[in-house]
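The exercises below ask you to work through helix packing, burial and nonpolar cores in the structure shown here. Each task is followed by a solution that goes step by step.

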Amino acid sequence: MSILFYKKPDYRPKNEGPLNLHNCQQYVEKTKQCKSEIPADLSFERIISNKALPPCSLQDFIDYLAHVTHDAENLQFYLWLVDYHQRFRNAPPEETALSPMWNFDDPQSSQRHSGNSNYSAIGGSDKTLSILGIKDFDAIEEEDISNASLIEDRSGGDQPSSYTATLGTLKFSEIPLAESKPPGDHQRRSNNAQPFRLEINRVITHYIAPGAPRELNLSHKDRAAVLYALRRTTHPSAFHPIKKVLDLTLRNQSHPNFVRWSICNGNKPWTIFLRTFAICNIAIGFAIATLLTLSHASRWYRILAALEWWFGITNLIAAYQGLCVLLLRRHTREVRPWEMNEQSRRYGASDEEAALRHSKVLYEETKSRWPVKMELFGPPNTWDKETWMDRYGMRSIFNKTFEKEVPTQERGLHLLQNRIVRQAEAWALIITIPLTIFFTALPKGNLY
């Protein structure tokens with residue numbers, strides 16, 4: 001049980017092995033037990049729709065996944081999928097008719113009904129379009145892509161044995177989408193005519209195929225099922241297994257960890273300095289109380305030690321949560337190492353254009369209005385060679401401790417931090433009062 005009345009979200013570690021519904025369900029159960037830990041202003045929906053302000057914006061969420069947890073590909077693919085739903089829905093009907101809706105329970109039936117591509121069956125509502133600012137955020141319905149139940153899982157868990165046998169014929173060492181029985185010329189021409197086919201091929205090459213630069217951590221079964229479906233159709237329903245595990249993971253594991261991390265308004269060197277400073281204040285309080293007790297001075301002077309105790313304990317409890325009271329009162333936070341030089345970001349339009357020019361995979365150009373700076377296609381999300389890492393490593397301990405400050409704009413985060421500080425002050429008062437009474441009640445030492 002936390003020493004504070006409010007307990008910030010517990011850290012949710014990554015499960016070993018690939019993502020699957022069983023592991024994701026553990027995150028869901030933990031989230032249900034801790035609903036009160038995250039206020040509505042910092043909900044997953046507000047952050048993913050880019051309504052939260054720094055340091056809890058969608059861009060901050062991407063930076064956190066890229067630089068702290070090193071799994072930014074989950075959110076990158078998720079945002080692309082949101083945008084792809086919208087673009088597929090707006091495509092001409094004569095084109096979408098070439099891409100049938102995929103039924104993972106009966107893939108053969110999905111292929112036979114190639115003329116039926118009813119987009120509305122997968123739950124494509126206006127809120128889906130608003131996720132990335134494509135439409136007015138105020139025109140929101142109740143359903144959107146962030147609801148994992150929209151694309152119904154008709155398979156009931158396991159795929160039929162005939163389908164499982166088909167999955168076993170896929171050879172991941174070959175070119176993505178290759179299967180044991182190559183399609184005929186007519187089918188190949190039909191698939192090439194499907195909308196967004198070249199883009200889907202590139203998404204497979206970057207995110208789904210084994211050994212891809214940004215390979216998603218999928219189970220063998222889900223990966224094979226999606227590859228088989230995408231071989232036949234470009235309908236968004238073909239991504240259902242991936243979408244479901246990513247939604248559960250981002251919502252119930254990555255998002256709570258991000259909120260927990262955002263509460264801290266100082267970096268690690270500053271937090272260590274703050275804890276040391278708080279302990280010194282507490283020690284000074286004991287020194288004052290002890291010296292006054294051993295002297296001829298009136299016992300009421302010993303109350304002065306209470307100020308040091310209360311101040312030190314307040315800061316120690318707040319620092320335990322990663323908070324600096326001084327920075328909070330000034331509505332600021334210390335900059336992150338990767339924020340020190342905005343030009344060192346790997347994100348940006350020029351970077352993405354360069355990646356497209358040097359890519360060996362040709363695909364149709366898609367123009368989406370992203371609300372964040374994000375490189376959708378490119379090399380792996382590794383940051384070992386970033387220039388800011390070398391510069392930050394050469395900085396002195398003093399400079400790392402006393403970093404530049406930037407404003408904290410998110411009101412919901414302010415309220416959360418203020419609650420933690422008030423509770424720290426209350427607990428400091430509860431601890432200080434008995435200490436003060438104890439030392440005040442002691443008789444004089446009369447040693448000097």
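**Exercise 1.** Determine how α10 and helix α11 (residues 220–232) are oriented to each other, and which residues meet.

*Solution.* The axes, which are lines fitted to C-alpha atoms over the stretch in contact, with angles from 0 to 180 degrees between N-to-C directions, come within 11 Å for α10 and α11 and cross at roughly 165°. That makes α10 roughly antiparallel to α11, the term used for angles over 145 degrees. The model is predicted, so local features need pLDDT of at least 70 and side-chain atom pairs count only at pLDDT 80 or more, whereas totals for chains, interfaces and linings use all residues. Residues are numbered from 1 along each chain as its sequence is written, and side-chain values use heavy atoms, with hydrogens and water left out.

Next, list the contacts, meaning heavy atoms within 4.5 Å: Arg 197, Ile 200, Ile 204 and Ile 208 in α10 meet Arg 223, Val 226, Leu 227, Leu 230, Arg 231 and Arg 232 in α11. By class, the residues of this contact are six nonpolar, no polar and four charged.

**Exercise 2.** Decide whether helix α10 (residues 197–208) is largely enclosed or not, using its buried residues.

*Solution.* Taking buried as under 20% relative accessible area (1.4 Å probe, protein chains only), nine of the twelve residues of α10 are buried, so this helix is largely enclosed by the rest of the structure. The buried residues include Arg 197, Glu 199 and Arg 202, as well as Ile 200, Ile 204 and Ile 208.

**Exercise 3.** Identify the residues with the most contacts inside the largest nonpolar core, and the helix that gives the largest share of this core.

*Solution.* A nonpolar core is a set of buried Ala, Val, Leu, Ile, Met, Phe, Trp, Tyr and Cys residues joined through side-chain atoms within 4.5 Å. The largest has 65 residues, and those with the most contacts inside it are Phe 61, Leu 75, Phe 77, Trp 80, Ile 208, Phe 239 and Ile 242. Helix α4 (residues 72–90) contributes the largest share, ten residues. A second, separate core of nine residues includes Ala 289, Ile 313, Ile 317 and Ala 428.

**Exercise 4.** Describe the surroundings of Thr 432 in helix α19.

*Solution.* Thr 432 is buried, with a relative accessible area of 4%. Leaving aside residues up to four places away in sequence, Thr 432 touches Ala 306, Trp 309, Trp 310 and Ile 313. Thr 432 and Trp 309 are 123 residues apart in sequence, yet 6.1 Å apart in space, C-alpha to C-alpha.

Notes
Buried < 20%, exposed > 50% of the residue type's maximum accessible area, 1.4 Å probe, protein only. Helix = DSSP H or I, 4+ residues; strand = E, 2+ residues; numbered from the N terminus. Parallel < 35°, antiparallel > 145°, perpendicular 65-115°, else oblique. Nonpolar A, V, L, I, M, F, W, Y, C, P; charged D, E, K, R; others polar.
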